[in-house]
Amino acid sequence: MLKLSDVSVKFGAFTALQNIDIEVSEGELVVLLGANGAGKSTIFNTISGLNKPSSGNIQFNGKSVRGNSPDRMVKEGIVQCAEGKKLFAEMSVQENLMMGGFVHRKQKAQLKQSLAEVYALFPILKDKKDDAAGSMSGGQQQMLAIGRALMAKPKLIMMDEPSIGLAPLIVEQMFSIIQEINKSGTTVLLAEQNANAALKIADRGYVIENGAIVLHGNSKALFHNDAIRKAYIGA
Ligand code: ATP
């Protein structure tokens, strides 16, 4: 479904990504593991069209999407889930969700159905639909950020550290919702530092260090890999 081949990204003289190869098949849940500054967000921003690769190719469903604008990528079906803090804090929960469905604004019936699906997945958002987004807890805002991305009906959703800053119980809930989103048919690319929780729900993973992929494989193999356990799982 998504294929990055030999993708490099430079910011001036600094090489942020070096010869990245990533493949995601339809229906998969794939995790990118890496420490702060490893390059996970840069990979997402490059896929979503915010960063331009200095070399390499990006294909989505067999056609080149390299150089597409971010709104073109959303129309293609790749949606990046903003971090909770990038919501419209003053606007209501429902208004934020409707903004996520902007690309489908002419299909009123579809929007209504998407909204109902998001509320079924996150009942708390329905309860708080008229509250200002900024008034909710960190976990609820993260749920709203995911809900807003789902309103665009993505084929592939990219989530950047959805568990960051959340209490352990909420983290568990978050990962089970991500798994549910994947099982209901949306392909998921997840960036995480929480390797322990992410590898439990992912099919496959890639480990990024200093802008390069140093290891990849199925989640079970990565979970039992000594270097990964030492660096990311702490056992
Ligand atoms: P984090 O979890 O901290 O976001 P990350 O793995 O997502 O980490 P990136 O944000 O992708 O890491 O950053 C990778 C490297 O690229 C870092 O050294 C960062 O400082 C650098 N970088 C990212 N964006 C830019 C930019 N627009 N201009 C210059 N350098 C950048």
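## Strand β8 and its partners

In this predicted model, V30 stands opposite L189 in strand β8, and L29 likewise stands opposite V188 of β8. These two pairs of residues belong to the pairing of strand β3 (residues 29–33) with β8, which is parallel and extends over 5 bridges. Strand β7 (residues 156–160) is also joined to β8 by 5 bridges, again with the two strands running parallel, and here L156 stands opposite T187 in β8.

Strand β8 itself, which spans residues 187–192, is mostly covered, since 6 of its 6 residues are buried. The cover extends to both faces of the strand: T187, L189 and A191 are buried on one side, while V188, L190 and E192 are buried on the other.

## The six-stranded sheet

The strands just described belong to an open sheet of 6 strands, arranged in the order β6-β7-β8-β3-β9-β10, and the pairing within this sheet is mixed. Strands β6 (78–81) and β10 (212–218) stand at the edges and have a single partner strand each, so one side of each is left without a neighbour in the sheet. From one strand to the next, the twist averages 15°.

The loop between β9 (204–209) and β10 contains N210, a residue other than glycine whose phi is nevertheless positive, near 45°. N210 is exposed, because its relative accessible area is 72%, a value over the 50% that marks an exposed residue.

## Helices α6 and α7

Strand β7, helix α7 and strand β8 together make a right-handed β-α-β unit. The axis of this helix α7 (residues 168–183) comes within 11 Å of the axis of helix α6 (residues 138–150), and the two cross at roughly 10°. That angle makes α6 roughly parallel to α7, as angles under 35 degrees are counted in that class.

The contact between the two helices involves G139, Q142, M143, I146 and L150 on the α6 side, which meet I170, Q173, M174 and I181 on the α7 side. By character, the residues of this contact divide into 6 nonpolar and 3 polar, with no charged residue.

## Helix α4 and the loop after α6

K153 lies in the loop between α6 and β7 and has a positive phi of about 55°, although K153 is not a glycine. With a relative accessible area of 33%, K153 is partly exposed.

K153 is also in contact with S114, a residue that, leaving aside its neighbours within four places in sequence, touches M151 and K153. S114 lies in helix α4 (residues 108–121) and counts as buried because its relative accessibility is 1%, a value under the 20% limit for a buried residue.

## The four-stranded sheet and helix α1

A separate description applies to the strands β2, β1, β4 and β5, which in the order β2-β1-β4-β5 form an open sheet of 4 strands with antiparallel pairing. Here β2 (14–24) and β5 (63–64) stand at the edges with a single partner strand each, so one side of each has no neighbour in the sheet. Strands β1 and β2 pair in the antiparallel sense over 7 bridges, and F11 stands opposite F14 in β2. Helix α1 packs on this sheet, where it touches β1, β2 and β4 (55–60), and the direction of α1 makes about 110° with that of β1.

Helix α1 (residues 40–47) has 6 of its 8 residues buried, so the helix is largely enclosed by the rest of the structure. Those buried residues are K40, T42, I43, F44, T46 and I47. The helix is followed by G49, whose phi is positive, near 90°.

## L4 in strand β1

L4 is found in strand β1 (residues 2–11) and is buried, with a relative accessible area of 3%. Apart from its neighbours within four places in sequence, L4 is in contact with I20, D21, I22, I43, I47, N57 and I58. Two of these contacts, I43 and I47, are among the buried residues of α1. For another of them, I22, the C-alpha atom lies 5.0 Å from that of L4, although the two residues are 18 residues apart in sequence.

Notes: Residues numbered from 1 in each chain as written. Predicted model: local features only at pLDDT ≥ 70, side-chain atom pairs only at ≥ 80, totals over all residues. Heavy atoms only, no water. Axes fitted to C-alpha atoms, helices over the stretch in contact; angles between N-to-C directions. Parallel < 35°, antiparallel > 145°, perpendicular 65-115°, else oblique. Contact = heavy atoms within 4.5 Å. Nonpolar A, V, L, I, M, F, W, Y, C, P; charged D, E, K, R; others polar. Buried < 20%, exposed > 50% of the residue type's maximum accessible area, 1.4 Å probe, protein only. Pairing = 2+ DSSP bridges. Right-handed = clockwise from strand over helix to strand, strands pointing away.
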